Amino acid sequence: MENLRFLIVEDSPTMRQLISFSLKRFKGCKIIEAVDGVDALKKLQAEEVDMILTDINMPVMDGLKLVTLVKSNPRLRDIPIVIITTEGAQEDREKGLQLGADAYVSKPIQSSGLLKIITEILEKEKPS
Amino acid sequence: MVEDQGDIFKKSQEFLELVNQQKDFIQEVLKENEKLRQLLAQARSQSHDDGSLVREEIEVLRKRIESLEKEKREFELRQQQVEEENKDFAQRYIEIEEQNNNLANLYVASYQLHSTLDFQEVLNIVVEIVINLIGAEVFSLMLLDEKSNELVVLGHEGYESDFKFPNLRIGDGIIGDVAKTGEPYYINQAGKNYEVDFEHPIACIPLKIKENVIGVINIHRLLVQKDAFTAVDYELFSMLAGHAATAIFSSRLYSQSERKLTTIQSFLDLLTTSQSQG
């Protein structure tokens, strides 16, 4: 898997950098960063991405709202979404997945675990 | 009589002829017999040669089988060794992955801490690190007020909105003691329902510049998905103790110097204005 384009939606610069760091294991990948849901939607208008990784708790527009909007947009709804958040409770996890997210990763993230999940999703999405 | 003699002669001639014919036949048979004997002897000799060849071939094949079996045993042994090595490599790979992850965490934390000179921003970054990299749910950052010599909460996360943050004196309780000695404090197996109490944090990390403690980070509860501190947490604590302290200290000094500079600038402006008016 090469030249993938990831959109990281996270208000914390520390987390954005940490996630970017992990994603750089994908050769030639392009990383686009957004600080909240609104910023992410703007970036999605301008750029095509292969995957969205989003936090839930963010100012302006949270991650769950972003998932809802992306999944209701015919142009964007096929983009896989991974939620990365501090919320570890089962109900939060289920809510995110019900809205259409493909996977859920709890903080603090383990780089290897995150990469495994991303790879599995992208393998599934790959046209056979 | 002559007829009888002629008859006898004729018969003897015939007999002689017959004997001669028999003699030829016997000689022929003997010749044939000799030929057959020679052929038999040849066949016997050839058969003997073929047998020894087969035996030699069998011996060669037996040796080859032995050598192949030996090779097979060696291959099996090598395969076992390679499998063992493979297991070691897999284990080593996991360890390196973990180390890589830990180093990334440490690098990002350190990079972010030194990315700004804004005091409030540095405090926010410390809070972010404690939430996102350590996985703490309820925690506070206390800095030492040099005038009152008390630890005062300047950053916090996860407390009830009406929580009353105490000021703590150096040497008082676990937190005061950490600030006094500069030695971190941890409870490794903290339950999820551990009470949020400034008397009993589950971890207290001193923020130190060399031997001077400028503050502490108190952790009261971890995120629900995190059971206990991990090896990288202790490294992060150790990194926070030094890097967060210097980042906080330098940003505070910078803010103070900025304020002083503004004051001096205003004073100079005032002097310049009054001189020009006078």
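# Loops, cores and contacts in a two-chain model

Colleague: Between which strands of chain B is the loop that holds B:Asn149?
Modeller: Helices and strands are taken as DSSP runs (H or I over at least four residues for helices, E over at least two for strands), numbered from the N terminus. In this predicted model, B:Asn149 falls in the loop of chain B between strand S1 (136-145) and strand S2 (150-157).

Colleague: What pLDDT do local features and side-chain atom pairs need in this predicted model?
Modeller: Residues are numbered from 1 along each chain as its sequence is written, chains are lettered from A and ligands numbered from 1 in the order in which they are written, and side-chain values use heavy atoms, with hydrogens and water left out. Totals for chains, interfaces and linings use all residues, whereas local features need pLDDT of at least 70 and side-chain atom pairs count only at pLDDT 80 or more.

Colleague: What is the phi of B:Asn149, and is this residue buried, exposed or partly exposed?
Modeller: Most residues other than glycine have a negative phi, and most peptide bonds are trans. B:Asn149 is not a glycine, yet has a positive phi of about 55°. Accessibility is judged with a 1.4 Å probe on protein chains only (buried under 20% relative accessible area, exposed over 50%, partly exposed in between), and at 42% B:Asn149 counts as partly exposed.

Colleague: Which loop of chain A holds A:Val60, and what is the relative accessibility of this residue?
Modeller: A:Val60 also has a positive phi without being a glycine, near 65°. The loop that holds A:Val60 runs between strand S3 (51-54) and helix H3 (63-72) of chain A. A:Val60 counts as exposed there, because its relative accessibility is 70%.

Colleague: Which residues touch the most other members of the largest nonpolar core?
Modeller: A nonpolar core is a set of buried Ala, Val, Leu, Ile, Met, Phe, Trp, Tyr and Cys residues joined through side-chain atoms within 4.5 Å. The largest such core has 59 residues, and the members that touch the most others are A:Phe6, B:Ile219 and B:Ile248.

Colleague: Which helix gives this core its largest share, and from which domains of chain B does the core draw at least three residues each?
Modeller: The largest share, 11 residues, comes from helix H2 (residues 119-134) of chain B. Domain bounds come from an automatic or database domain assignment, and the core draws at least three residues from each of domain 1 (1-113) and domain 2 (117-264) of chain B.

Colleague: How are the rings of B:Tyr186 and B:Phe237 arranged?
Modeller: Rings of Phe, Tyr and Trp (its six-membered ring) pair if their centres lie within 6.5 Å, with planes under 30 degrees apart called stacked, over 60 edge-to-face and the rest tilted. B:Tyr159 and B:Phe163 form a tilted pair, at 4.9 Å centre to centre and 40° between the planes. For B:Tyr186 and B:Phe237 the centres are 5.3 Å apart and the planes at 25°, so this pair is stacked.

Colleague: How far apart in sequence are the parts that this stacked pair ties together?
Modeller: B:Phe237 is buried at 1% relative accessibility, whereas B:Tyr186 is partly exposed at 29%. B:Tyr186 lies in strand S4 (residues 185-186) and B:Phe237 in helix H4 (residues 231-277) of chain B, so the parts tied together are separated by 51 residues.

Colleague: What area is buried between chain A and chain B?
Modeller: With contact meaning heavy atoms within 4.5 Å, 20 residues of chain A and 22 residues of chain B take part. Buried area is the accessible area (1.4 Å probe) that two parts lose on being put together, summed over both. Carbon and sulfur atoms give 55% of the area buried between chain A and chain B, which is about 1700 Å².

Colleague: Which residues of chain A lose the most area to chain B?
Modeller: The peptide bond from A:Lys107 to A:Pro108 is cis, with omega near -5°, and A:Pro108 lies in the loop between strand S5 (103-106) and helix H5 (111-125) of chain A. Together accounting for 32% of what the chain A side buries, the residues that lose the most area are A:Thr14, A:Gln17 and A:Pro108.

Colleague: Which residues form the salt bridge between chain A and chain B?
Modeller: A salt bridge is a side-chain nitrogen of Lys or Arg within 4 Å of a carboxyl oxygen of Asp or Glu. The structure holds 17 salt bridges over all chains, and the count between chain A and chain B is 1. With the closest N and O atoms 2.5 Å apart, the partners are B:Glu97 and A:Arg25.
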